[in-house]
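Here are a few exercises to work through with the model open beside you. Try each task before you read its solution.

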Amino acid sequence: MKFTEYLKYLLIGTAFGFVLIKSEVVSWFRIQEMFRFDAFHMYGIIGVAVIVGIISVQIIKRNNMKDASGNPITIPPKDASQVKRYLIGGSMFGLGWALLGACPGPMFALLGSGLTIMVIPILAALAGTYTYGILIEKLPH
Amino acid sequence: MLDFLYQPWPWYVAGPIIGLTVPVLLLVGGKMFGVSANLRHACAACNFGNVEFFNYDWKTAGKWNFTFLAGSVFGGFLGGYVFANPEPIALAQSTIADLQALGIQDFTGLVPDDLFTWSSLGTVPGLIVLILGGFLVGFGARYAGGCTSGHAISGLSDLQLASLIAVIGFFIGGLLMTWFIYPIILS
């Protein structure tokens with residue numbers, strides 16, 4: 001990867017982290033509010049993000065657009081037949097999301113905002129990821 | 001203009017920007033937006049136990065993702081430190097009342113001091129929230145093959161049924177935690 005490419009990903013990531021904070025998506029309070037259905041805020045953000053995403057992905061696919069290096073853009077499909085995996089794994093993720101009030105992106109954006117305690121859930125998330133890797137053969141997928 | 005950087009952004013400003021992350025990453029390098037893959041790459045980078053799931057070339061797969069993640073930390077620094085919003089979050093009154101009833105006292109920042117300080121690690125609720133919460137996020141994201149960004153944003157943007165099932169799972173778990181388990185943890 002060239003230096004300019006690193007710079008691009010760094011910039012896109014910076015914009016992403018900045019928006020996560022400014023929209024308060026990183027806030028434990030906003031997540032509690034969302035799961036109580038007390039405000040439209042989080043649903044508005046996710047809903048609009050998905051609509052913008054759907055339209056842009058359709059434009060990219062229908063025009064067979066290429067990326068900046070000239071390679072065709074391909075999106076690998078996910079295997080929807082593994083219902084157990086998505087439902088059980090997704091529910092476990094949801095339990096953690098509501099408990100911690102942060103998903104992976106916000107954990108790191110919060111750390112950047114000066115909330116040093118986020119090191120602990122980040123390490124715990126790494127431990128969780130590693131544990132999944134160990135147990136993978138024993139889990140229903 | 002500078003005011004805009006300090007103020008919180010409404011959903012109709014933040015939503016489109018977050019959504020645009022998907023096509024921008026595709027157009028820049030054909031990359032599929034997802035944050036939790038970083039956790040897997042980090043495990044692969046220090047796979048001391050030689051676990052099969054983490055035996056792959058993480059450098060090739062993860063370079064762009066780690067760079068993006070470093071950017072997100074820096075973006076968090078800009079948004080939450082340099083241009084931090086001095087006002088408390090304009091939460092729904094009903095949420096505030098609910099959380100107060102559960103014993104949450106600090107509503108001044110993005111997260112409550114009651115749970116997110118180093119000293120809260122010495123309390124049972126703090127331990128559960130920070131360690132069990134983080135563990136479940138990491139375990140669940142990999143089990144489900146993605147997190148909020150990979151499934152709810154990227155996967156749904158590509159109309160993937162698998163991602164819809166995963167997002168339904170996110171809400172099953174989230175609602176169970178919020179309505180039934182959290183009140184026990186905080187009591």
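**Exercise 1.** Find the residues with the most contacts inside the largest nonpolar core, and the helix that gives the most to this core.

*Solution.* Keep in mind that this is a predicted model. Start with the core itself: the largest one has 95 residues. Inside that core, A:Phe93 and A:Leu110 have the most contacts. Next, look for the top contributor: helix H6 of chain B (residues 124-144) gives the most, with nine residues. Now zoom in on A:Leu110. Leaving out residues up to four places away in sequence, A:Leu110 touches A:Val26, A:Ala102, A:Leu115 and A:Met118 in chain A, plus B:Gly76 and B:Leu110 in chain B.

**Exercise 2.** Work out which elements give two or more residues to the side of chain A that touches chain B, and which of them gives the most.

*Solution.* First get the totals: 102 residues of chain A are in contact with 107 of chain B. Then go through chain A's helices: H1 (3-22), H2, H3, H4 (83-100), H5 (104-112) and H6 (119-135) each give two or more residues to that side. H4(A) gives the most, with 17 residues. Finally, sort the chain A side by residue type, and you get 63 nonpolar, 27 polar and twelve charged.

**Exercise 3.** Is H3(B) largely enclosed or largely open? Say what its buried residues pack against.

*Solution.* Take the burial count first: eight of the nine residues of H3(B) are buried, so the rest of the structure largely encloses this helix. The buried ones are B:Ala37, B:Asn38, B:Leu39, B:Arg40, B:His41, B:Ala42, B:Cys43 and B:Ala44. Then check their partners: these buried residues pack against H5 and H6 of chain A, along with H4 and H6 of chain B.

**Exercise 4.** Place A:Phe37 and B:Asn50 in their loops, and decide for each whether it's buried, partly exposed or exposed.

*Solution.* Begin with the backbone. Most residues other than glycine have a negative phi. A:Phe37 has a positive phi, near 55°, and phi of B:Asn50 is also near 55°.

Now the loops. A:Phe37 sits between helix H2 (28-35) and helix H3 (41-62) of chain A. B:Asn50 is in the loop that runs between helix H3 (37-45) and helix H4 (58-82) of chain B.

Last, count neighbours. A:Phe37 has 14 C-beta neighbours inside 10 Å, so it counts as partly exposed. B:Asn50 has 7 other C-beta atoms within 10 Å, so it's exposed; the cut-off for that is 12 or fewer.

Technical notes: Residues numbered from 1 in each chain as written. Chains lettered and ligands numbered in written order. Predicted model: local features only at pLDDT ≥ 70, side-chain atom pairs only at ≥ 80, totals over all residues. Core = buried A, V, L, I, M, F, W, Y, C linked by C-beta atoms within 7 Å. Buried ≥ 20, exposed ≤ 12 C-beta atoms within 10 Å, placed from the backbone. Helix = DSSP H or I, 4+ residues; strand = E, 2+ residues; numbered from the N terminus. Contact = placed C-beta atoms within 7 Å. Nonpolar A, V, L, I, M, F, W, Y, C, P; charged D, E, K, R; others polar.
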